[in-house]
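Welcome! Take a moment to look over the sequence and turn the structure around on your screen. Then we can walk through its parts together.

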Amino acid sequence: MKVLIVASALTLVGSCATLSHTEKLQNIKDSIVFTDANIINNYANTITSAELNTHVYKFSADEFEGRRAGESGHHKAANYLKNYYIKEGVASPLGTDNYYQNVPESFFNDGIKSSPNVIAYIKGSEYPEEVLIISAHSDHEGYTEDAIYNGADDNGSGTAALLEMAQAFKMAEREGLAPKRSIVFLHLTGEEVNLTGSRYYIEHPILPLHNTIANLNIDMIGRVDDSHESNPNYIYLIGSDRLSTELHYISESANENFTKLELDYSLNSENDFNQYYSRSDHYNFAKNGIPVIFYFSGTHDDYHEPTDTAEKINYPLLQKRTKLIFTTAWYIANNKKRIEVDQDS
Ligand SMILES: [Zn+2]
């Protein structure tokens, strides 16, 4: 009798108790399956090192004068982005040929003149109201009498990644594979001045925030930092597990399936000295409960110096890192259900 009672008690525990934390994690992991891996890979492969190179050189050229928000060089850079989207046939959610969300001078401090966020999108085919935002800031430090701050890594690298991903998603759409959810390509201004462009966007969202399901933000992904000199096949991910466990494992699975980078989470620690989680535009989305991943390859001697130039970018690595973001975005935009928020930090 005794043995039987124990056995049935065990059965009871096994069947009725809530799932353990480990079991929940395993269920989330098991639910993430890239069923169309070959198709996704074909589009990811249209993101090339050569095209990223062209965009970074162009975007960090002297003619854009260091892209200081509100200055003529940044306006020229914004115009370059707009013309690119028109050429590629990628629309704006603001309507025909209107790719600018103007951030007024009154919203900036320190006398910075008005300056645009640039926005383009591909409309979702099944859940168009649900929106994934992929972002990168377009502004930088401008110039002095002596030098232009070209900002090739900061943030020509992230900008180039957005342009290449937009082209790849557009190609898929043309070939009958529009994303199920809408994907927004958002080039934010005024990141270098207190994350102003993203603060403005959050206060004046073009597509509703309650249906903005995630933000993948890119700021400097073209270089190799000192601690990875001997193993450059890496990227830092920050924030991926803070609001959505599912987002974290989608990202891990995308990497496992397509890119096999070392995903370095050391800067994601809540005690990290640098507090990168709060230091680029994604933070304004995270503060509003929107799950984010911040993609970053670390600082270097040329950080915020005129020497952050295009020939120092590692283009094959930039390509690989962009593919990780692209395949992660593909899954988020095409999965059967919207990603779940289950954490609150
Ligand atoms: Zn930056």
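## A loop to begin with

Where is the place of D110? You will find D110 in the loop between β1 and β2. Please keep in mind that this is a predicted model.

D110 has a positive phi of about 60°, although it is not a glycine. Is D110 buried or exposed? A residue with 12 or fewer other C-beta atoms within 10 Å of its own is called exposed. D110 has 7 C-beta neighbours inside 10 Å, so D110 counts as exposed.

## A second loop residue

Now turn to R67, in the loop between α4 and α5. R67 is not a glycine either, and its phi is positive, at about 50°. The surroundings of R67 can be checked with a count as well. Buried residues have 20 or more other C-beta atoms within 10 Å. R67 has 31 C-beta neighbours inside 10 Å and therefore counts as buried.

## The sheet

Next comes the sheet. Strands of a sheet pair through backbone hydrogen bonds, either parallel or antiparallel. Here, 8 strands form an open sheet with mixed pairing, in the order β1-β2-β4-β3-β5-β8-β6-β7. Which strands stand at the edges? They are β1 (100-103) and β7 (262-264); each has a single partner strand, so one side of each is left without a neighbour in the sheet. On average, neighbouring strands of this sheet are turned by 25° against each other, direction ignored.

## Strand pairs up close

Start at β1, which runs antiparallel to β2 and is joined to β2 by 4 bridges. In this pair, N102 stands opposite P116 in β2. On to the next pair: β2 and β4 are also antiparallel, with 5 bridges, and A120 stands opposite F185 in β4. How many residues of β2 are buried? The count is 8 of its 8 residues, so to speak a strand that is mostly covered.

For a parallel pair, look at β3 (residues 127-137) and β5 (residues 212-218), which share 6 bridges. There, L132 stands opposite A214 in β5.

## A helix across the sheet

Helix α5 (residues 72-88) lies across three strands: β1, β2 (115-122) and β4 (181-188). Relative to β2, helix α5 runs at about 15°.

## Helices α4 and α6

Two packed helices are described by the angle between their axes and the distance between the axes. Try this with helix α4 (residues 49-59) and helix α6 (residues 152-174): their axes come within 8 Å and cross at roughly 135°. That angle makes α4 oblique to α6. The crossing of the two is right-handed. On the α4 side, the contact is made by E51, L52, H55, V56 and F59. On the α6 side, A152, G156, S157, T159, A160, L163 and E164 take part. By class, this contact of α4 with α6 has 6 nonpolar, 4 polar and 2 charged residues.

Helix α6 has another detail to find. N155 has its place in α6, and a cis peptide bond joins D154 and N155, with omega at about 5°.

## Helices α8 and α10

At what angle do helix α8 (residues 245-259) and helix α10 (residues 315-334) pack? The angle is about 125°, and their axes are 9 Å apart. The two helices are therefore oblique to each other, and α8 passes α10 in a right-handed crossing.

From α8, the residues that meet α10 are I250, S251, A254, N255, N257, F258 and T259. Their counterparts in α10 are K320, K323, L324, T327, T328, Y331 and I332. Sorted by class, the residues of the contact of α8 with α10 divide into 6 nonpolar, 6 polar and 2 charged.

## From one end of the chain to another part

Finally, find A37 in helix α3 (residues 37-44). A37 has 13 other C-beta atoms within 10 Å and is partly exposed. How many residues apart are A37 and I332 in sequence? They are 295 residues apart in sequence and 14 Å apart in space, C-alpha to C-alpha. I332 may be familiar by now, as one of the α10 residues that meet α8.

Terms used
Residues are numbered from 1 along each chain as its sequence is written. This is a predicted model: local features need pLDDT of at least 70, side-chain atom pairs count only at pLDDT 80 or more; totals for chains, interfaces and linings use all residues. Two strands pair if DSSP finds at least two bridges between them. Axes are lines fitted to C-alpha atoms, for helices over the stretch in contact, and angles run from 0 to 180 degrees between N-to-C directions. Two residues are in contact if their C-beta atoms, placed from the backbone, lie within 7 Å. Angles under 35 degrees count as roughly parallel, over 145 as roughly antiparallel, 65 to 115 as roughly perpendicular and the rest as oblique. A crossing is left-handed if the near helix is turned anticlockwise from the far one by less than a right angle, and right-handed if clockwise. Ala, Val, Leu, Ile, Met, Phe, Trp, Tyr, Cys and Pro count as nonpolar, Asp, Glu, Lys and Arg as charged, and the others, Gly among them, as polar.
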